[in-house]
Amino acid sequence: MSDPDDSERLRQLDARIAKLRGDKTKRPHQEEHYSQAQHGWRMVIELVAGLLIGFGMGYGLDSLFGTLPVFLVVFTLLGLAAGIKTMMRSAAELAKDMNAPGSGEDEGAKDGD
């Protein structure tokens with residue numbers, strides 16, 4: 001059914017595919033660099049997520065127990081505190097990465113100070 005011509009072409013195609021796949025795996029891992037806006041959005045999302053989770057938990061408990069919005073207020077404030085704590089931890093992590101040795105030029109050199 002298959003011609004010797006076809007089997008030779010298939011072998012050549014397999015060799016080319018193997019060569020291309022081999023080159024892809026040999027590439028060195030490159031670090032991902034994020035812009036300041038991406039870090040800012042990450043922190044905003046962490047803060048809003050904390051608020052929403054606290055709000056949802058408080059609302060759910062109020063609905064479950066049939067209480068006034070006591071749990072809603074308490075858990076919303078707890079969610080705000082957790083969101084701020086997570087946001088501050090991310091900011092500290094970002095500052096540590098930026099001040100790490102070998103991370104590039106330091107801030108004073110950019111401003112000419």
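Here is a short chat about a predicted model.

Visitor: What does the secondary structure of the chain come to?
Guide: Reading along the sequence, you get the pattern α-α-α-α. Put as a tally, that's 4 helices and 0 strands.

Visitor: How far does helix H3 reach from its first C-alpha to its last?
Guide: H3 covers residues 70–98, so 29 residues in total, and at 1.5 Å a residue the expected span is 1.5 Å times one less than that number. The model comes out close to the expected 42 Å, with a reach of 42 Å.

Visitor: Which helix is included in what covers the buried residues of H3?
Guide: The buried residues of H3 are Leu72, Phe75, Gly79, Gly83, Ser90 and Leu94. Their cover includes residues from the 36–65 stretch, which is helix H2.

Visitor: Is Val48 buried, partly exposed or exposed?
Guide: Val48 sits in helix H2. Its relative accessible area is 38%. Buried needs under 20% and exposed needs over 50%, so Val48 counts as partly exposed.

Visitor: How much accessible area does the nonpolar patch with Val48 have together?
Guide: Val48 can join a patch because its relative accessible area of 38% clears the cut-off of over 30%. Its partners on the surface are Trp41, Val44, Ile45 and Leu52. Together the patch has about 520 Å².

Visitor: What share of the chain's residues is buried?
Guide: The chain has 113 residues, and its accessible surface comes to about 9700 Å², 62% of it from carbon and sulfur atoms. Buried residues make up 12%.

Conventions: Residues numbered from 1 in each chain as written. Predicted model: local features only at pLDDT ≥ 70, side-chain atom pairs only at ≥ 80, totals over all residues. Heavy atoms only, no water. Helix = DSSP H or I, 4+ residues; strand = E, 2+ residues; numbered from the N terminus. Buried < 20%, exposed > 50% of the residue type's maximum accessible area, 1.4 Å probe, protein only. Contact = heavy atoms within 4.5 Å. Patch = residues over 30% accessible without salt bridge, like charges linked within 9 Å, V, L, I, M, F, W, Y side chains within 5 Å. Areas by Shrake-Rupley, 256 points an atom, 1.4 Å probe, with all protein chains shown as cover. Salt bridge = Lys/Arg side-chain N within 4 Å of Asp/Glu carboxyl O.
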